[in-house]
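User: Please take a close look at one part of this protein for me. I would like to follow one sheet and the helices that lie across it.

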Amino acid sequence: MPSPATGTVRQLGLHIDGHDVPAASEATFTSLDASTGEVWARVPDGDATDVDLAVRAARRAQTETWGAATGYQRARVLRRVARLIERDQERLATLEARDSGRLLRDTRTQVGFLADWFNYYAGYADKLAGRAMPGERPDMLVYTRNEPIGVVGAIVPWNAPLLLLVWKLAPALAAGCTVVVKPSDYTPVTALALADVLEEAGLPAGAYNVVTGFGPRVGQAMTAHPGIDKIAFTGSTETGIAVGQAAMQNLTRLTLELGGKSAQVVLADADVDNAVNGIINGIFLGSGQTCMAGSRLLVHESLHDEIVRRVAARARQIRLGSPLSEDTEMGPLVNEQQQKQVLDRIAAARTDGAEVVCGGGVPDGLAGLFVAPTVLTGVESHMPIAQEEVFGPVLAVTTFSTEDEAVRLANDSRFGLAAAVWSQNVHRALSVAHRLRAGTVWVNTYRAFSPGVPFGGFGHSGMGRENGLEGILAYTETKSVWVELAGRTKDPFDLG
Ligand code: NAD
């Protein structure tokens, strides 16, 4: 819970067992306001000692309070959480915009989604029934139970900190798990702010704990901790692989939501107006810093010039500015390192032969970590700009002449998070959609998601699914119970 601001810099504590506490080492680090670059919060720099305290608190709550509650009791608390989030929407959205640099209007929408996620999973908390098995053996009753996996370590990135946390938190709590969260060191504030809301709603102490700090200390301490039963991770593919390797040492359960290089496939019969808006939404929303960014445009050769001209024209008009201004359409990147990485990738693409149609650098006249909305043509599938995640406002355009070629190019990627197909012919659109190797395929739309629809990646985009029924089952272990009904004493060497 954030304590009252001291001057303009908030002093925050870790959240462990219902209390706001300093790190055991008393070390701290600062979080910057993304739009001004100024220090606006000081948070504890946690380490393995703090993780251990948080895991012990989470274990107690899992066995004694939250995990021992009925699904009906859990559902009531989660519905109250949803109501309090709606009440606190503006406060949480403003904190999120300042900490992450996302537009205030985006964070308002995202905070609205948080309530949807808690309401949706509240609906599962009292309906997580196992099933009875009709068997060959009439003398046996067999049924399954979906038991909570236990203590969950949730590790989240900076690009949509609260939303991606709640994709884990709502189903985990609904299933009866307790949680230790490690937010990104770039955006540590809102995970702490959420503790207030959860505890006001009646979540018992220890069910939600937050340890702020850095990946190599707090994150690694979590993935190596034998008291954590499951790691739910969202972040880059490289970190995800390291997390997976560490988790395997204890056979810790795992879901991984990782990077992407999603293809927007525009077939020759696409509705151009609709496709242009979808392409803009896919790559420039959130300044391209979204896992599901549609960063590869694969366009039929007959539409290439028209689509590129219209996308570039709109891209040049995108209103760049402060995330807190209502007029802004695209804000800055999250930090200097990210800005440099994006600019380096554009420069490398030019060297490889791509042509800059618009953008390509830092826009004039703006203070802050901006990169102009960029469209690159002449991109070939083997180039790094077509293969590597940029995580910035950069669209790489490639043409194709047949549907087979479009499918081949779209699938020529180690990632497989999302894709879109634009076509007015439903048969053609679905035939292509079914051949794409991606966890989500949108047809004539982009970026639709909902608590009820599974989300996750093929290939290097991840492992497992969040949201929907899959999303809550991922926080349970299935137990099969066999009950002998005949009351007979069996021959020990009779297998039947
Ligand atoms: P990141 O991998 O650098 O960090 C993610 C989290 O892991 C952070 O909290 C970080 O501190 C922590 N971490 C770092 N090293 C660790 C380690 N060794 N052990 C444990 N934890 C460690 O990612 P990022 O830069 O914060 O986020 C951007 C990435 O996240 C992009 O690749 C993006 O595509 C991906 N992402 C994926 C999804 C999805 O749903 N698939 C959603 C959003 C973002």
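Analyst: Here is a walk through that sheet, its helices and one buried residue.

This is a predicted model, where local features need pLDDT of at least 70, side-chain atom pairs count only at pLDDT 80 or more, and totals for chains, interfaces and linings use all residues. Residues are numbered from 1 along each chain as its sequence is written, and side-chain values use heavy atoms, with hydrogens and water left out.

Start with the strands. Seven of them form an open sheet. Their order is S14-S15-S16-S13-S12-S17-S18, and the pairing is mixed. Strands (E, at least two residues) and helices (H or I, at least four residues) are DSSP runs, numbered from the N terminus. Two strands pair if DSSP finds at least two bridges between them.

Now the edges. They are strand S14 (355–358) and strand S18 (440–443), and each pairs on one side only. Neighbouring strands in this sheet are turned by 25° against each other on average, direction ignored. Such angles run from 0 to 180 degrees between N-to-C directions; the axes are lines fitted to C-alpha atoms, for helices over the stretch in contact.

Look at the S14 edge. S14 pairs with strand S15 (residues 374–377) in the antiparallel sense, over three bridges. Glu355 stands opposite Thr377 in S15.

Next come the helices. Helix H9 (residues 272–284) lies across strand S12 (263–266), strand S13 (296–300), S15, strand S16 (394–400) and strand S17 (418–422). H9 runs at about 170° to S12. Helix H10 (residues 304–317) lies across S12, S13, S14, S15 and S16. H10 runs at about 55° to S14.

One residue of H10 deserves a stop. His304 lies in this helix. Is His304 buried or exposed? His304 counts as buried because its relative accessibility is 17%. Buried means under 20% relative accessible area, exposed over 50%, and partly exposed in between (1.4 Å probe, protein chains only). Which residues does His304 touch, not counting those up to four places away in sequence? They are Val299, Thr377, Val397 and Thr399. Contact here means heavy atoms within 4.5 Å.

Put the pieces together. Thr377 appears twice: Thr377 stands opposite Glu355, and His304 touches Thr377. For contrast, turn to Leu485, in the segment after strand S20 (476–484). Leu485 is exposed, with a relative accessible area of 51%.
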